[in-house]
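Subject: Structure handover

Hi,

Here is the structure for you to take over. My notes follow below it.

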Amino acid sequence: MNQLQQPGHDHSSAYLIRRLQELLGPAGVITEASEQEPYLRDWLGKWHGKVSVVVRPANTEETAAVVQLCHATHTPIVTQGGNTGMSGGATPDDSGAQVILSTTRMNRIREVDPVNNTITVDAGVILAHAQEAARQAERYFPLSLGAEGSCTVGGNLATNAGGIAVLRFGNMRELALGLEVVLPDGRIWNGLRGLRKDNTGYDLRDLFIGSEGTLGVITGAVLKLFAQPHARATAWVGAASLQQLVSLLTRVRARCGERLVAFEMMSARSLELVLEHVSDTRAPLESKTAYNALIELSDTEDTGLQAMLEDVLGQALEEELISDAMFTSNQSQTAALWKIREGISQAQVRAGKAIKHDIALPISALPLFVAQAEQALADSGMTTDLINFGHLGDGNLHFNVLLPASTEYEAMKSATAAFNRLIHDLVINFNGSISAEHGVGQLRRDELKHYKSPLEMELMLRIKQAFDPNHIMNPGKLL
Ligand SMILES: Cc1cc2nc3c(=O)[nH]c(=O)nc-3n(C[C@H](O)[C@H](O)[C@H](O)COP(=O)(O)OP(=O)(O)OC[C@H]3O[C@@H](n4cnc5c(N)ncnc54)[C@H](O)[C@@H]3O)c2cc1C
């Protein structure tokens, strides 16, 4: 029996805090309510919880010591990275019994290996810092998303984050080669292998990716690097329908191949919302179109990218597949377009209360899905202000419904339940997914149970039981 499990030990929060302070020193333990506050609410301001203590271990060994103590005292752990998640996965419940384990002090770039084309980092490294470390070694780490200045690599792994370059480079699962994980009993699993081939049995790494803190604490990762892009071409196009954008995507992909890195879609209403709520933004095109797309090509050297994009879009204009297009000619114009795309989440927060749907469908099914969803919403008689945008190239739609900021809690709750059922039923009819990239967290936990087959739920619960029999890792999330 572990010393901590001996009968007579005081397992109260005072004991826990005292032991944590012994393990981590004062810099690693936050007990002051005002200092804890930023950790207790999520980025959207949708969830809020309570804890006895926030711990900030500085390295893997300290993390292991904390988890061992929590294991022995049956203390539930909510692992938190940059706290930018969209599904409430990093917010504790309001029991006060949980502990937040923040990874933000684990922020070392451990190694860049330009020959193996890999970077090894602590899980608390901010995504933008990992990108910068790769850049300094004249390599490229392609995961890119609106929260990259504050989200962490560990959070990206735990949510299998996607973002704007999945079309070309894949999501986080495809970018990770190896992981280091502190298991729920405090043992350290060293899977930090930078291998592109390894067929030695079940893939434990892939179980932790997307597990949202429910199977262990990711403390380190080996990630793939790529050649740095030195040339890019960016354009904004307007089209009358989503079907036209899907046809354009097919064409651009056929013509530009791997050079196509992003194909982002925004409805007219999404654009309008950004222009209204995000400063220093203006409409890229003079004409207003039902749908817009931000398209980006990149390559390691300039092989006439701009001409290629102009050619394919010029032809689409001639054939009236699209209504208008503009090309950027410098970095600041390109940044202005991306500011619009990345401003949609912020604009929604400022504009009201959004009921979010982060869904994935086969790309070919998107236009019909949207048409049927719009019709079903109209038929339902519910007031709708649709904010429809997403990573079209990945078949990932953010199909959101905006309600006024003044909407009361109970009204919001019933509208959310009604909209979710309507949209998600349709998603399942189209063989889609109810969570494309934001994970399940507490937002989609009940929906997961509703839509996953009993067999899939049983298998997932068995995996959880095998890794975390005491259910101390992020209880109440995902499963
Ligand atoms: C403006 C904005 C834009 C975004 N755009 C995108 C986008 O385009 N694509 C996309 O996929 N996502 C997007 N997101 C959400 C995205 O999931 C997160 O930004 C990011 O991946 C989460 O990282 P984080 O460090 O903030 O994790 P947190 O929010 O802290 O945690 C998220 C989940 O991961 C778990 N977790 C965190 N760290 C660890 C760890 N080390 N070990 C085990 N579990 C851990 C937590 O328990 C929680 O369940 C966006 C968010 C914002 C705010």
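Which residues of the largest nonpolar core touch the most other members? They are L248, V252, I295, L313, F369 and F399, out of 54 residues in that core. Eight elements supply two or more residues each: β12 (231–239), α9 (242–256), β13 (260–267), β14 (291–299), α11 (305–318), α14 (366–380), β19 (396–403) and α15 (409–429). Domain 3 (231–345) and domain 4 (352–437) both contribute residues, so this core lies between them.

V252 is worth a look in your viewer. Leaving out residues up to four places away in sequence, V252 touches G257, L260, F263, I295, L297, V312 and L313. Two of these partners, I295 and L313, are also on the list of core residues that touch the most other members.

There is a second, separate core of 33 residues. Among its members are V121, A165, F169 and L225.

Confidence

Keep in mind that this is a predicted model. The mean pLDDT of the protein chain is 94, and 98% of its residues reach 70 or more. Residues 1–10 are the stretch to treat with care: their pLDDT is below 50. The model still gives this stretch 13 contacts beyond near neighbours in sequence. Where pLDDT is low, predicted coordinates should not be read in detail.

Domains

The domain assignment splits the chain into domain 1 (3–105), domain 2 (109–227), domain 3 (231–345) and domain 4 (352–437). An unreviewed UniProt entry lists residues 47–228 as "domain: FAD-binding PCMH-type". Over that range the chain is 24% helix and 24% strand. The C-alpha atoms at its two ends are 39 Å apart.

Domain 2 against domain 4

The centres of these two domains, taken over C-alpha atoms, are 30 Å apart. Eight residues of domain 2 are in contact with four residues of domain 4. Together the two domains bury about 380 Å², with 45% of that on carbon and sulfur atoms. On the domain 2 side, G163, V166 and L167 lose the most area to domain 4. These three residues account for 62% of what that side buries.

S267

S267 is found in strand β13, one of the elements that feed the largest core. Is S267 buried or exposed? Its relative accessible area is 7%, under the 20% cut-off, so S267 counts as buried. S267 touches A290, Y291, N292 and N388, not counting residues up to four places away in sequence.

Over to you.

Conventions: Residues are numbered from 1 along each chain as its sequence is written. This is a predicted model: local features need pLDDT of at least 70, side-chain atom pairs count only at pLDDT 80 or more; totals for chains, interfaces and linings use all residues. Side-chain values use heavy atoms; hydrogens and water are left out. UniProt positions are given in the numbering used here, feature names are shortened, and annotations may be inferred rather than shown by experiment. Helices (H or I, at least four residues) and strands (E, at least two) are DSSP runs, numbered from the N terminus. A nonpolar core is a set of buried Ala, Val, Leu, Ile, Met, Phe, Trp, Tyr and Cys residues joined through side-chain atoms within 4.5 Å. Buried means under 20% relative accessible area, exposed over 50%, partly exposed in between (1.4 Å probe, protein chains only). Domain bounds come from an automatic or database domain assignment. Contact means heavy atoms within 4.5 Å. pLDDT is the predictor's confidence in each residue, from 0 to 100. Buried area is the accessible area (1.4 Å probe) that two parts lose on being put together, summed over both.
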